[in-house]
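Work through these exercises with the sequence and the model open side by side. Each task is followed by a solution in steps.

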Amino acid sequence: MSVYTGPGRASYLGYLDEQYRRALAEVPALTGPASADPHERRMREVCYLFLTRHLPTLLDRKDRMSMALGLEVWVPFCDHRLIEYVFGTPWAHKTFDGREKSLLRAATADLLPLPVVQRVKSAYPAIQDPTYDRMLRTRFTELLNDRNAAVAPLLSVDRSHELLDATDNLRGLEHILTLQDFLTDYNVSLTI
């Protein structure tokens, strides 16, 4: 059994800060004229952290979800050669027209229908089924009523009710329920 017994929030925030600094230290240096621009440097950091920290989680989820249903999903834009090329491209070129994915839009403009090229980027994954929202709210309500829940020491009751009452975005509920499942599945207890 794992037990977090740090002195509390300050220790946890210190740990997060240390991990963040370590991750930033990995970012390959920006060279050339763009290296003088703080915005270019920051966007390079953000892109690197996305590619090395967040994208693997998304790809793992994609693999698990698709293979559970016997599907094979290809991600052609994740080819390492394309990633390396685009990563080295200055942010100003990636957003030359003031929109996300400017290079991709320009590269495919003559290959795809205009509505596809101009479509606004949507978050991944988007759950459209209303029963999913009800399931999240039901599970979260049960979690709030369980004083022995593994995640309980981390929850603010007032903030939790605000999340539960939100109508437009249930990602906070998803994150808390995922953390609860992790703590339960791996028998982790928190002492704060």
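**Exercise 1. Find which element gives the largest share of the lining of the largest cavity.**

Solution.
Step 1. Helix 2 gives the largest share of that lining, with four residues. Keep in mind that this is a predicted model.
Step 2. Place the cavity in the whole structure. A search finds one cavity of 30 Å³ or more. The largest cavity has a volume of about 70 Å³.
Step 3. List the lining. It is made up of Leu30, Glu40, Met43, Arg44, Cys47, Phe87, Gly88, Thr89, Pro90, Trp91 and Lys94.
Step 4. Sort by element. Helix 2 and helix 4 (91-94) are the elements that give two or more residues to this lining.
Step 5. Look at burial. Glu40, Met43, Arg44 and Cys47 are among the buried residues of helix 2.

**Exercise 2. Check the length of helix 2 (residues 38-68) against the expected span.**

Solution.
Step 1. Helix 2 has 31 residues. The expected span is 1.5 Å times one less than the number of residues.
Step 2. That rule gives 45 Å, and the end C-alpha atoms lie 44 Å apart, so the two values agree.
Step 3. Look for a bend. Helix 2 has a kink of about 40° at His54, shortly before the proline Pro56.
Step 4. Inspect the N-terminal end. Asp37 caps helix 2 there, with a side-chain oxygen 2.9 Å from the backbone nitrogen of His39.
Step 5. Move past the other end. Gly70, just after helix 2, takes a positive phi of about 75°.

**Exercise 3. Describe the aromatic pairs, and say whether their residues are buried or exposed.**

Solution.
Step 1. Count. There are two aromatic pairs.
Step 2. Take Tyr48 and Phe87. Their ring centres are 6.2 Å apart, with 55° between the planes, and the pair is tilted.
Step 3. Locate this pair. Tyr48 is in helix 2 and Phe87 is in helix 3 (residues 80-87), 39 residues apart, so the pair links distant parts of the chain.
Step 4. Test burial. The cut-off for buried is under 20% relative accessible area. Tyr48 has 15% relative accessibility, so Tyr48 counts as buried. Phe87 also has 15%, so Phe87 counts as buried.
Step 5. Take Phe182 and Tyr186. This pair is tilted too, at 5.1 Å centre to centre and 40° between the planes.
Step 6. Test exposure. Phe182 counts as partly exposed at 44% relative accessibility. Tyr186 is exposed, with a relative accessible area of 56%.

**Exercise 4. Find which residues lie closest to the centre of the largest pocket.**

Solution.
Step 1. Start with volume. The largest pocket has about 1900 Å³.
Step 2. Go to the lining. Of its 44 residues, Phe50, Phe77, Lys101, Leu104 and Lys121 are the closest to the centre.
Step 3. Sort by element. Those giving two or more residues are helix 2, helix 3, helix 4, helix 5 (102-108) and helix 6 (114-118).
Step 4. Find the largest share. Helix 2 supplies it, with twelve residues.

**Exercise 5. Place Arg53, and state how far it is from Ala23.**

Solution.
Step 1. Arg53 is in helix 2.
Step 2. Arg53 has a relative accessible area of 38%, so Arg53 is partly exposed.
Step 3. Arg53 and Ala23 are 30 residues apart in sequence. In space, their C-alpha atoms are 8.8 Å apart.

Conventions:
Residues numbered from 1 in each chain as written. Predicted model: local features only at pLDDT ≥ 70, side-chain atom pairs only at ≥ 80, totals over all residues. Heavy atoms only, no water. Bend = angle between axes of the 7 residues up to and from the residue. Buried < 20%, exposed > 50% of the residue type's maximum accessible area, 1.4 Å probe, protein only. Polar contact = N/O pair within 3.5 Å; in protein donor to acceptor, adjacent residues only side chain to side chain. Phe/Tyr/Trp six-rings, centres within 6.5 Å; stacked < 30°, edge-to-face > 60°. 1 Å grid on protein atoms, 1.4 Å probe; cavity = no way out; pocket = protein on both sides within 12 Å on 5 of 7 lines; lining within 4 Å. Points joined across faces, edges and corners; volume = space filled by probe spheres on them.
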